[in-house]
Amino acid sequence: MLVEKNVALQAFNTFHIVAKAHTLVRIRSEQDVLAVLADPELAPMPKFVLGGGSNIVLTGDVKPLVLKVEIAGRSLLRETPKAFILECGAGENWHDFVRWTVESGYPGLENMAMIPGTVGATPVQNIGAYGVELQDRFESLDAMDLATGQVFTLNAAQCAFGYRDSVFKHASGKSAGAINFGLKDRALILRVRFALPKAWRPVLGYADIEKKMVEQKCTNPTPKQLFDWVCAIRRAKLPDPAVVGNAGSFFKNPTVTAEQCADIIARDPKVVHYRMDDGSVKLAAGWLIDSCGWKGKSVGQAGVYEKQALVLVNRGAGKDGNGATGGEVMTLARAIQTSVYERFGIMLEPEPVVV
Ligand code: EPU
């Protein structure tokens, strides 16, 4: 186990915010976690698990011990009559894994191509795009309890997936008199298993994908074609974190009641909304922010992306410390929340974890 001190985190977060980890350990196997837990100096420290750094805003140096997950490996674990079960190490890059599944003849993840981050981070926020969410393809995962070193397995129900949500985003505690179970900061995801149905069918319902079908005059794409379409759609709309620092969608799409939505429609008939099966309505946060005039605006070096108002970006190169600070990003985020609240009465909820 190599313990590194004062490690620059700029290359380890996709916002490219300048910050340091006081102490960082690279985790390449379960044994590395066990070594941390057996170390008299490291064991008692609070811990922060870092994957691809694609869903965090660093607002200062990180004092807890940073466990940087670099567990590798991907394989076809087994086949059932209906599905291929694949297993992937938590430290693998998600997009590389998706490409490998498509090229290896195990399709099913292509709608989620190009989402930044590591495989281990995908269940934490139940990533999703173009009509497919991680929970639709998830089989189980192995994680290690950071207090005891015990390895445990969770199935989908135990992960308590929701929209950009899971058991890993919640701390244990009491609310409304009930005891809630959460694993926030308590577990490190080691491996994730996926069940990819052998009877593959493309998921095409999403508007951007339908546009591609018309453009390409193709109604029955292969998995590779669909993968390429999703990559092209995302390249056109979303900034490449390798070039422009960002953390994907900064806010969740809010859910409102049918009455609240009717109210908003009465004032703003163009509001982009989707009716859900349970009678509630999901609103496009990007549209709400855009219609408050935020596209292209900035606070210091933090800005609202010109082509998609839901994405906040780092306008500074950042390499010499002149990029956006986490404070600037959060000031911009709060100003956006206030203006959307004043106009629509809706408090937007940030998606990334603020550290
Ligand atoms: N819109 C605007 N102005 C904007 C941005 C969006 O009017 O500045 C409108 C669009 O025209 C569209 C609607 O809002 O009618 C929704 O926009 P889009 O289709 O781009 O999707 P989204 O709701 O903004 C969600 C996910 C993305 C995912 C896409 C595709 C969330 C928070 N975001 O974005 O996920 O890629 O759908 O499925 O759910 C991420 O989580 O980081 C992410 C990128």
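Aromatic pairs are a handy place to start with this predicted model, which holds 11 of them. One of these joins Trp94 and Phe97, with 6.0 Å from centre to centre and 55 degrees between the planes, a tilted arrangement. Both residues sit in helix H2, which covers residues 94–103, and they are three residues apart there, about one turn of the helix. Trp94 and Phe97 are both buried.

Phe97 has another ring partner, Phe194. Here the centres are 5.2 Å apart and the planes meet at 40 degrees; a pair counts as tilted when that angle is neither under 30 nor over 60 degrees, so Phe97 and Phe194 are tilted too. This pair ties together distant parts of the chain, since Phe97 belongs to helix H2 while Phe194 belongs to strand E14 (residues 187–197), 97 residues away. How buried or exposed are these two rings' residues? Phe97 has a relative accessibility of 0% and therefore counts as buried. The value for Phe194 is also 0%, so Phe194 counts as buried as well. Zooming out a little, ring pairs connect Phe84, Trp94, Phe97, Trp100, Tyr106 and Phe194 into a cluster.

Next comes the ligand. It is surrounded by 23 residues, and the closest of them are Tyr130, Tyr163, Asp290, Gln308 and Ala309. Sorted by type, the shell has 11 nonpolar residues, six polar ones and six charged ones. Where does the ligand lie with respect to the domains? Residues of the shell come from both domain 2 (74–197) and domain 3 (245–354), so the ligand lies between these two domains.

Several side chains come within polar reach of the ligand's oxygen atoms. In the case of Arg164, an N or O atom of the side chain is 2.9 Å from a ligand oxygen. For Arg234, the corresponding distance between a side-chain N or O atom and an oxygen of the ligand is 3.2 Å. Lys237 also takes part, with a polar side-chain atom 3.1 Å from a ligand oxygen. As for cover, the ligand taken alone exposes 830 Å², and the protein buries 82% of that area. Four elements give two or more residues each to the shell: strand E8 (128–129), helix H5 (223–237), strand E15 (245–249) and helix H7 (285–291). Helix H7 is the biggest giver, with three residues.

Tyr130, one of the residues closest to the ligand, deserves a second look for its backbone. Most residues other than glycine have a negative phi. Tyr130 goes the other way, with a positive phi near 50 degrees. Its place is in the loop between E8 and strand E9 (132–133). With a relative accessibility of 9%, Tyr130 is under the 20% limit and so counts as buried. Asp185 is another residue that is not a glycine and yet has a positive phi, in this case about 60 degrees. Asp185 is found in the loop between strand E13 (178–180) and E14, the strand that carries Phe194.

A few other loop residues round off the picture. Asn13 is placed in the loop between strand E1 (3–8) and strand E2 (20–27). Its relative accessible area is 2%, so Asn13 is buried, and its side chain reaches the backbone oxygen of Gln10 at 3.5 Å. Ser280 lies in the loop between strand E17 (273–275) and strand E18 (281–283). Is Ser280 buried or exposed? With a relative accessible area of 15%, Ser280 is buried. The side chain of Ser280 makes a polar contact of 2.6 Å with that of Asp278.

Lys217 tells another story. This lysine is in the loop between helix H4 (207–216) and H5, and helix H5 is one of the elements that give residues to the ligand shell. Lys217 has a relative accessibility of 77%, and because exposed means over 50%, Lys217 counts as exposed. The C-alpha atoms of Lys217 and Asp61 are 51 Å apart, and 156 residues separate the two along the chain.

Definitions and conventions: Residues numbered from 1 in each chain as written. Predicted model: local features only at pLDDT ≥ 70, side-chain atom pairs only at ≥ 80, totals over all residues. Heavy atoms only, no water. Near = heavy atom within 4 Å. Polar contact = N/O pair within 3.5 Å; in protein donor to acceptor, adjacent residues only side chain to side chain. Areas by Shrake-Rupley, 256 points an atom, 1.4 Å probe, with all protein chains shown as cover. Nonpolar A, V, L, I, M, F, W, Y, C, P; charged D, E, K, R; others polar. Domains from an automatic or database assignment. Phe/Tyr/Trp six-rings, centres within 6.5 Å; stacked < 30°, edge-to-face > 60°. Buried < 20%, exposed > 50% of the residue type's maximum accessible area, 1.4 Å probe, protein only.
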